Amino acid sequence: MGVEDEAAAAATVQQMFNSIAPRYDLLNHVLSANVDRLWWRRTARRFKAVLADPDAAILDICCGTGDMTMALLQLRPQGARPILAADFAHRMLSRGAEKFARRQTGKCGAIALEADALHLPLRSDSLDLIVTAFGFRNLANYESGLREFHRVLKPGGQLGILDFSEPGGLIGKAYAIYFRRILPAIGRVISGPMTGASEGPYNYLPTSVRKFPAPPALLSLMTAGGYTGCAWQPYTFGIAGLYTAARPLVV
Ligand SMILES: C[S@@+](CC[C@H](N)C(=O)[O-])C[C@H]1O[C@@H](n2cnc3c(N)ncnc32)[C@H](O)[C@@H]1O
């Protein structure tokens, strides 16, 4: 994909998420039968050591309506440095900001930041942890995303990418029917009739998962991008999974 194609792809993704923002949470919970909550919590637990450090600088990129951020916040001590929660879809982010604002005073909070994952307005070598949930797959260029995350992570900083994958075997076959046929139909019923750019999201999800590199391929990209300790932990029969890696301490 050329630079112009990438910009056009990113603009389409941004517009699509802005258009589904009011229904995003409901759709997510119904379509995943609330399993998404377990995945966010499990991802947060994987990073509990860094989350427990009150000074740790943490970014949830592609935070959308903020549910991954909320799961991370559960494991932050009182008075800890706020988590940065960034997304480039204004209407998704403002829903997240409303959730963060409802948090009790005194508890660790989050700062909503409108930003593009491929051009983060953050200093190099500044973050201890970057987490992204169901966002990385949407990036117009995975290598550029990994490069930008590597830039802003401190040496030794950790990366967690939670995203869908396509399970194999019988479960994979049954799931493919749900994911490619039933899920888009339910999505359309919940949202009612939509036209134009909004017509796409329910077909976009299975298509984007099909195009997303399988775990071995993404792990190779991460290793080639200069990360160390790259690993993938499947969640729920491999329907989703968490990629973990770190920026090496010494280059
Ligand atoms: C499927 S939603 C996931 C939201 C949230 N993390 C969750 O787990 O529900 C994907 C999000 O990624 C955001 N996104 C996609 N590409 C992005 C980019 N280049 N920069 C910032 N955000 C991006 C979209 O705007 C959308 O809010």
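Is alanine 217 buried or exposed? In this predicted model, alanine 217 sits in helix 9 and is exposed, because only 11 other C-beta atoms lie within 10 Å, and a residue with 12 or fewer is counted that way. Alanine 217 can also be placed relative to proline 155: the two are 62 residues apart in sequence, and their C-alpha atoms are 24 Å apart in space. A little earlier in the chain comes alanine 214, in the loop that links helix 8 (201–211) to helix 9 (215–224). Alanine 214 likewise counts as exposed, because it has 11 C-beta neighbours inside 10 Å. From alanine 214 to alanine 97 the separation is 117 residues along the sequence and 33 Å from C-alpha to C-alpha.

The sheet is a good place to continue. Seven strands make up an open sheet with mixed pairing, and their order is 3-2-1-4-5-7-6. Its edges are strand 3 (110–114) and strand 6, each of which pairs on one side only. Ignoring direction, neighbouring strands of the sheet are turned against each other by 15° on average. In general, strands of a sheet pair through backbone hydrogen bonds, in either a parallel or an antiparallel sense.

Both senses can be illustrated here. Strand 2 (residues 83–87) pairs with strand 3 in the parallel sense over 5 bridges, and within this pair alanine 86 stands opposite leucine 113 of strand 3. Strand 1 and strand 2 also run parallel, joined by 3 bridges; here alanine 86 of strand 2 is the bridge partner of isoleucine 61. Alanine 86 thus appears in both pairings, with leucine 113 in one and isoleucine 61 in the other. Strand 2 is largely enclosed by the rest of the structure, because 5 of its 5 residues are buried. Ile83, Ala85 and Asp87 point one way from strand 2, while Leu84 and Ala86 point the other way, and all of them are buried.

The antiparallel case is found in strand 6 (residues 228–235) and strand 7 (residues 240–246), which are joined by 6 bridges. Alanine 231 stands opposite threonine 244 of strand 7. These two strands form a hairpin with 4 residues between them, and in this hairpin threonine 236 adopts a positive phi near 50°.

Helix 1 departs from a straight course. At 1.5 Å a residue, a straight helix of 29 residues would span 42 Å, yet helix 1 (residues 3–31) spans only 34 Å between its end C-alpha atoms. Helix 1 bends by about 75° at alanine 21, and a proline, proline 22, follows within four residues. The buried residues of helix 1 are Val13, Phe17, Ser19, Ile20 and Leu31.

The stretch after helix 1 deserves a look at its backbone angles. Most residues other than glycine have a negative phi. Alanine 33, which follows helix 1, has a positive phi near 50°. Asparagine 34 also has a positive phi, near 70°, and lies in the loop between helix 1 and helix 2 (35–46). Asparagine 34 counts as exposed, because it has 10 C-beta neighbours inside 10 Å.

Cysteine 62 offers another positive phi in a residue other than glycine, near 60°. Its place is the loop between strand 1 (58–61) and helix 4. What sets cysteine 62 apart from asparagine 34 is its surroundings: cysteine 62 is buried, because 28 C-beta neighbours fall inside 10 Å, whereas asparagine 34, with 10, is exposed.

Cysteine 62 leads on to the ligand. The ligand is surrounded by 22 residues, of which the closest are Cys62, Gly64, Ala89, Ala133 and Gly135. By class, this shell holds 14 nonpolar, 5 polar and 3 charged residues. Helix 1 and helix 4 (67–73) each supply at least two residues of the shell. The largest share, 5 residues, comes from helix 1, which is also the helix that bends at alanine 21.

Notes. Residues numbered from 1 in each chain as written. Predicted model: local features only at pLDDT ≥ 70, side-chain atom pairs only at ≥ 80, totals over all residues. Expected span 1.5 Å × (residues − 1). Bend = angle between axes of the 7 residues up to and from the residue. Buried ≥ 20, exposed ≤ 12 C-beta atoms within 10 Å, placed from the backbone. Near = placed C-beta within 6 Å. Nonpolar A, V, L, I, M, F, W, Y, C, P; charged D, E, K, R; others polar. Pairing = 2+ DSSP bridges. Axes fitted to C-alpha atoms, helices over the stretch in contact; angles between N-to-C directions.
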